[in-house]
Amino acid sequence: RAFTAKPTAVRLVSAGDPPVLDPNDPSIVALAAASSFAASLGLSTAGLLFSQLLLAAQNRTTIEAHYRGRSPYDLGPRRNLEQIFGLWDSSWFLPVHPRR
């Protein structure tokens, strides 16, 4: 039998009596493992996003973050981000070329 979470997921969302979940069911184990992996990947990615946005707002690279003192290229958080993403508008959150 192939391990898949689909039958369990269908049982969980289908109408009718609440399902009885068997912790030894391979579908439950696969669903729990996939959910744990997705959550840990999401948290890791969120941490990387936050750290890189912080560096971009300071106009620093990852290597320059370890130097002491202020970056000579720092123009302030908004102008630093505008150098990367273009002028502020809603396209900052879309995968399109920045408007100049």
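# Reading the helices and the buried residues

Q: What phi does Gly 86 take just after α3?
A: Just after α3, Gly 86 takes a positive phi of about 90°, and the residue lies in the segment that follows this helix. The model is predicted, so that local features need pLDDT of at least 70 and side-chain atom pairs count only at pLDDT 80 or more, while totals for chains, interfaces and linings use all residues. Residues are numbered from 1 along each chain as its sequence is written, and side-chain values use heavy atoms, with hydrogens and water left out.

Q: Why is Gly 86 called buried?
A: A residue is buried when its relative accessible area is under 20%, exposed when that area is over 50%, and partly exposed in between, with a 1.4 Å probe and protein chains only. Gly 86 has a relative accessible area of 2%, and therefore counts as buried. The C-alpha atom of Gly 86 is separated by 8.6 Å from that of His 97, which is eleven residues apart from Gly 86 along the chain.

Q: How do you know how many helices and strands the protein has?
A: Helices are DSSP runs of H or I with at least four residues, strands are runs of E with at least two, and both are numbered from the N terminus. By that reckoning the protein has three helices and zero strands, and its pattern along the sequence is α-α-α.

Q: What makes α2 roughly perpendicular to α3?
A: Helix α2 (residues 26–57) and helix α3 (residues 77–85) pack at an angle of about 105°, with their axes 7 Å apart. Because of that angle, α2 is roughly perpendicular to α3: angles of 65 to 115 degrees are given this name, those under 35 count as roughly parallel, those over 145 as roughly antiparallel, and the rest as oblique. The axes are lines fitted to C-alpha atoms, for helices over the stretch in contact, and the angles run from 0 to 180 degrees between N-to-C directions.

Q: Which residues of α2 and α3 meet?
A: With contact meaning heavy atoms within 4.5 Å, Leu 53, Ala 56 and Ala 57 of α2 meet Pro 77, Asn 80, Leu 81, Ile 84 and Phe 85 of α3. The residues of this contact divide into seven nonpolar, one polar and no charged. The buried residues of α3 are Asn 80, Leu 81 and Glu 82, and they pack against α2.

Q: Is Asn 59 buried or exposed?
A: The relative accessible area of Asn 59 is 19%, so this residue is buried. Asn 59 has its place in the loop between α2 and α3, where its phi is near 55°, a positive value in a residue other than glycine. Most residues other than glycine have a negative phi.

Q: Why is Gln 58 called partly exposed?
A: Gln 58 has a relative accessible area of 33%, and so it is partly exposed. Gln 58 is also found in the loop between α2 and α3, and, leaving aside its neighbours within four places in sequence, it is in contact with Ser 71, Asp 74 and Asn 80. Gln 58 and Asp 74 are 16 residues apart in sequence and 5.9 Å apart in space, C-alpha to C-alpha.

Q: Which helix has the lowest mean pLDDT?
A: The pLDDT is the predictor's confidence in each residue, from 0 to 100. Among the elements of the protein, helix α1 (residues 6–13) has the lowest mean, 58, and α2 the highest, 91. Where pLDDT is low, the predicted coordinates should not be read in detail.

Methods:
Ala, Val, Leu, Ile, Met, Phe, Trp, Tyr, Cys and Pro count as nonpolar, Asp, Glu, Lys and Arg as charged, and the others, Gly among them, as polar.
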